[in-house]
Each structure stands twice: as structure tokens, then as C-alpha cells.
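Got a few minutes to go over a protein model together? Have a look at the chain first, and then we can talk it through.

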Amino acid sequence: MEKVEEKGAAYGREDYTQDGTVDLQGRPVFRSNTGRWRACSFIVGYEVFERMAYYGIASNLVVYLTTKLHEGTVTSSNNVTNWVGTVWMTPLLGAYIADAHLGRYWTFVIASAIYLVGMSLLTLAVSLPALRPPSCDHGIKLEDCERRASPFQVGIFYCGLYIIALGTGGTKPNISTMGADQFDEFEPKERIQKLSFFNWWMFSIFFGTLFSNTILIYIQDNVGWALGYGLPTIGLALSILVFLVGTRFYRHKLPSESPFSRIAHVLVAFIRKWRVPVPDDPKELHELSLEEYTNSEKFRIDHSPSLGFLDKAAVKSGPTSPWILCPVTQVEETKQMIKMVPILIATFLPSMMLAQGGTLFVKQGITLDRSIGPHFDIPPACLSAFVTIFMLISLVLYDRYFVPAVQKYTKNPRGITLLQRLGIGLVFHIIILMTAFFAERRRLSVIQENKLFGKRDTVPLTIFILLPQFALAGIADTFVEVAKIEFFYDQAPQGMKSLGTSYFTTSLGIGSFLSSFLLSTVADFTKKHAKRGWILDNLNISHLDYYYLFLASLSFLNLLFFLLVSKYYVYNADARESKGDFAVETLPSKTSAQDLKDASNSLYL
């Protein structure tokens, strides 16, 4: 990417940021008193409390739907994954609003208010006698209870959930992008610091999640849902306050034309001129002058040979309408977004696997012996805490030890490439599903030995038999989830960073919907065509082991697909940092390897 002269230089000051960032009033900002880790500390602080709020609802939601709303295995699991899918899909709308209209800051602030309204309504829905489901009399088993929530009470509960989903649509794609925007890629030290930002971003997420998966879940199961949902609501209010306190330190990217319309212009122009030949010399293609990019505070992207057929949109052939003729930079932006789509598709199945941790894995735990000592039973959803714990440990080990060690051989600032990191995580996912398969086989064998086929029978097998699959899921997240969000942000063009980040959320959203579809399909098909259905309300006569083996087979096929598409993926760069497939955009100052090394060393001091 070619850096053009920015406004800061016009002011005659050398300390202005060089990446086009401004303050809330649109004025150039000084590097010395804005951005970097000082600004990120408020953003990361927000994320700790917000994740506590979100996972305070999400982690134990399947238990609430089962015990309070009396939903079955497939229904409750699908309602959870459908809601989670919506949570992760609405960021497409939030990214569009941020990139094209309001900017990231104001989109985030407005969406946070909506988010808080949803959390407050949900808390009222489990607290007020008129809104919460009626309780069963003492001593009556859940399956024998005749009292059910009214349609109005169920409607209020789900209304709160989906208002939360709408609010997160504006917060999720913008908060992490704002964090990354606090580092100027045209300053060597900040550029190296940015490489670690997403690692510590995920660290903050899972730190907040750890509190939810332990303290909040215990409160919900043993004290009450009113307090268990009230605390996350207070946590969300605190997180918004923390974010607002740091406002004066933030760097902002100005909104520009809608990324969707820019992409549409290129695609329509290509289709209308698909018979037009592309000249051999890229300099003959239509491009704006450096002065025009300077005045609009945008970056010009040099022509690249990838997806060359789209170059037809930049061929000069008469009319100059934006639907017929597009500049090279706009074509290159479209290329960068389109060529990530195969990688995005390869992440759908891993995202579907994540949904099992909050649904079927928890359902398994309900059937097992949860006692720790004579007076304490661990809530089944608390096993999710081990995902967090092992993710935190492995993330620190990865960033502090693995990356510096591997850098010596790969000469790559990240240690290994983003796609290599993602691929390792996909292998872990196969191992997780096979581990879950063997754990379920063991659970079913104990059921057979003890003839415990009742829906509410407790299997005399410790719940910690599920620990390995939760622990491995935490390690896998260090590779898959961090690599996904960094890859989609890093490879998106400057004017479409929020849209790039929404690729990450879209992956999780489609994965959740895919989980609902696959679970329902397999459950219905096996009920009709197998001796006994694989996934029944009574897990003690189900065959989740077959389902896990089926998912492992799909994951293996998906790994092969990922290896194929990643082999042909070309990073957005002219110069390569290593012999691998990692590359970064060349800085205009031609930053030397020694500059990057010095900045990297200072980061770890």
C-alpha cells in the first residue's frame, strides 16, 4: 500500500499519526498523547466487563431454557445456537453503519445503550413475579411439574435476548477494530505492538468469561437467576462507563463510502464489461491521482495480479459512471474482501464445533456425578471455565515463549503465519471431537452396566471425565479464534476494517445456525431411520457418541478444504517477511528489518 501525504504534515508537525486517524472533531491527532496501550487499556477494560455480561447469559442459557422454560434437548440447544447465531450475524449491519455513516465510536456508543436495555429487560424477566415463569412446588420433580411459563412471559424473555443481539451488532465489529486502530502501522514500534494486540484482546475476553463461567453460573444455579442476571447487567453498565472514560485518548478513523456499495460498483462494472480485454500494462487502468487520495485522506493501493478478471472494472472504455468504471484502488479493495471468502467458508464448521461447548457438552454434564465433597455440586456449565483457563495459559505461553522461539527460524514477526496458526487449531478441533466421542462411549458403558436408563438418572461417573474436551477447546481457541479475528482484520483494506472484522463474527454466526440445522436434521433423520435416535431428550438412551464421530469426520473433510484454499491464498503484500506465506504491506519508509527487530525487543521489555 502506498502511503500518501497526510494532514499532519500540512500542519508542520512531525508527531502526528501517519495512518489518517483523527480525534472526535476530525482533527489530526498527536501520536504522543493518544492511542497505543494507554487508549487500549480502556478498550480492553470494557471487554473484560462486557464478556462477563454476555457469557453470564450465554454460558448457562441452555440450563435456564431446560429447567425454567421446560424445553427439550434439541429445542433448547437450537434456541441457544439460533440466538448466538443472531448475536454474531448482526455485526454485518453494525459494520456497515460504522464504515459508511456514524464511524466506529458513535456506532458503538449507540449500540451499547441498546445492549444495556436488552440486559435490563432480561433481568426483569427472571426477577419480577409477573414476568418470570412460575415455580414448581417444593419436592416436585421437574418432569412432573405442570406449571409452565405463559406465552407472554416467554415472549418477554426472548425479546430481551434479541434486543441484546441487536445491541451486540454495533459493539462487536467496532470495539476490537477501534483497539487495533490505536496503533499506527507507519510507526515501527506501534506496528509490532499491534501484532500482539489481538492476543491480549482475546486474553481480556476470556478473563471476563472466566468470572462468568465460575461465579455467575454458581450464583444462577444455587442462589437465583435474578441475582445471576442482575450482576452481568451491572457489569455491562460498568464496562460502558470504562469505555467512555477513555474517550479523549482514542484515535478514530473517519467513515467513508459504504464498503458494500464500493464492492457492488466493482462487481457490476466487471459484469457489464466482461467482454472487454484487460491491457497488459496495469498503468493503463483507471486510477485516481495521489492528490485526490491526499485530499480525501485515503490510501492508494497498487495493482496486484490476483483475481485479475476483476481488473475489467478499471478498464477505460468510454462512460465514467461509478457503475461502469472504477479506480484500481477500489478494485483492489474488492479483491481483498473477495479472496478471503474461501477462508471464511472454511471457518464455518469450526465455529459450529464451538456451539457444542455451550449446549451438548453441558447437557452431558447434567447427567453425571457433579459432587465435589459431601456438600458441593459443581454446576455443569462451570466446566466452560476450563476452556477459559486453558486458553489463558496457552495464550500467554504462545505469545511469550512460542513466538520468540519460532521467530528465530521463520523470521516472521508473528512466529508462524496466520493461516498456519488457524490450521493447527483445526487439527485440535478434530482431536476435541474424538475426545468427546470416547468420553461419551465411557458414559454410555457405565449406563449399560448400571441399567440407568431413566431421563433423570445420575450416572455414577465423575463430571470431570469431560474435562479433557473442555481443556483442549481452550487450547484450540488460542490458535483458531485469535488467528481468525487477526486474519480478517489484517487482510481487509483500510476503509473496510469493520467489514473485515464482521467476517469473524459472521463465521461464528453461520456456525451457530449450522449447528442448529445439523442437530435438528440428524435428530429427525436418526429417529426415522435408526433403531433409536442419536439425540433424544433422554441422553441416557441417546447416542451422542455417533454424533461426535460424525462431526469429527466433517471436521477432517473441512481441514482438507482449508489446506487447499490456504495453499492458493495470496497475502496483501509486495514484500515477504519470511519464506512462508506471511507477508505485510510495505511501508513507504521501507522500514528495515533491524527497525522491526528493535521495536519487537522493546515490546517484550
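Below are some questions and answers about this predicted model.

Q: How many helices and strands does the chain have?
A: Let's begin with the overall build. Buried residues account for 57% of the 605 residues in the chain. As for secondary structure, the chain has 20 helices and 4 strands.

Q: What share of the exposed area do carbon and sulfur atoms supply?
A: Here we turn to the outside of the chain. The exposed area comes to about 24900 Å², and the share from carbon and sulfur atoms is 64%.

Q: Is lysine 253, a salt-bridge partner of aspartate 181, buried or exposed?
A: The side chains of lysine 253 and aspartate 181 form a salt bridge, at 3.8 Å from N to O. Since lysine 253 sits in the loop between H8 and H9 and aspartate 181 in helix H6 (residues 151-181), the pair ties together parts 72 residues apart in sequence. Aspartate 181 has a relative accessible area of 2% and is buried. Lysine 253 has a relative accessible area of 17%, which is under the 20% cut-off, so lysine 253 is buried.

Q: Which residue meets arginine 251 in a salt bridge?
A: Arginine 251 counts as buried at 1% relative accessibility. Its partner is also described as buried, with a relative accessible area of 2%. The N to O distance in this salt bridge is 2.9 Å, and the partner is glutamate 190.

Q: How many residues apart are aspartate 490 and arginine 414?
A: These two form a salt bridge whose closest N and O atoms are 3.3 Å apart. Aspartate 490 is in helix H17 (residues 467-490), while arginine 414 is in the loop between H15 and helix H16 (418-450). The pair links distant parts of the chain, and the separation is 76 residues.

Q: Is arginine 248, part of a positive surface patch, buried or exposed?
A: The patch is formed by Arg36, Arg38, Lys189 and Arg248. Arginine 248 is found in the loop between helix H8 (225-245) and helix H9 (259-272). Its relative accessibility is 67%, and the cut-off is over 50%, so arginine 248 counts as exposed.

Q: Which helix holds isoleucine 389, a member of a nonpolar surface patch?
A: Isoleucine 389 joins Phe390, Ile393, Leu397 and Tyr401 in a nonpolar patch of about 470 Å². With a relative accessible area of 31%, isoleucine 389 is partly exposed. The helix that holds isoleucine 389 covers residues 384-410 and is H15.

Definitions and conventions:
Residues are numbered from 1 along each chain as its sequence is written. This is a predicted model: local features need pLDDT of at least 70, side-chain atom pairs count only at pLDDT 80 or more; totals for chains, interfaces and linings use all residues. Side-chain values use heavy atoms; hydrogens and water are left out. Patches are made of residues with over 30% relative accessible area and no salt bridge: like charges are joined within 9 Å, nonpolar side chains (Val, Leu, Ile, Met, Phe, Trp, Tyr) within 5 Å. Accessible areas come from the Shrake-Rupley method with a 1.4 Å probe; for residues, only the protein chains shown count as cover. A salt bridge is a side-chain nitrogen of Lys or Arg within 4 Å of a carboxyl oxygen of Asp or Glu. Lys and Arg count as positive and Asp and Glu as negative; His and the chain ends are not counted. The place of a charge is taken as NZ of Lys, CZ of Arg, CG of Asp or CD of Glu. Helices (H or I, at least four residues) and strands (E, at least two) are DSSP runs, numbered from the N terminus. Buried means under 20% relative accessible area, exposed over 50%, partly exposed in between (1.4 Å probe, protein chains only).
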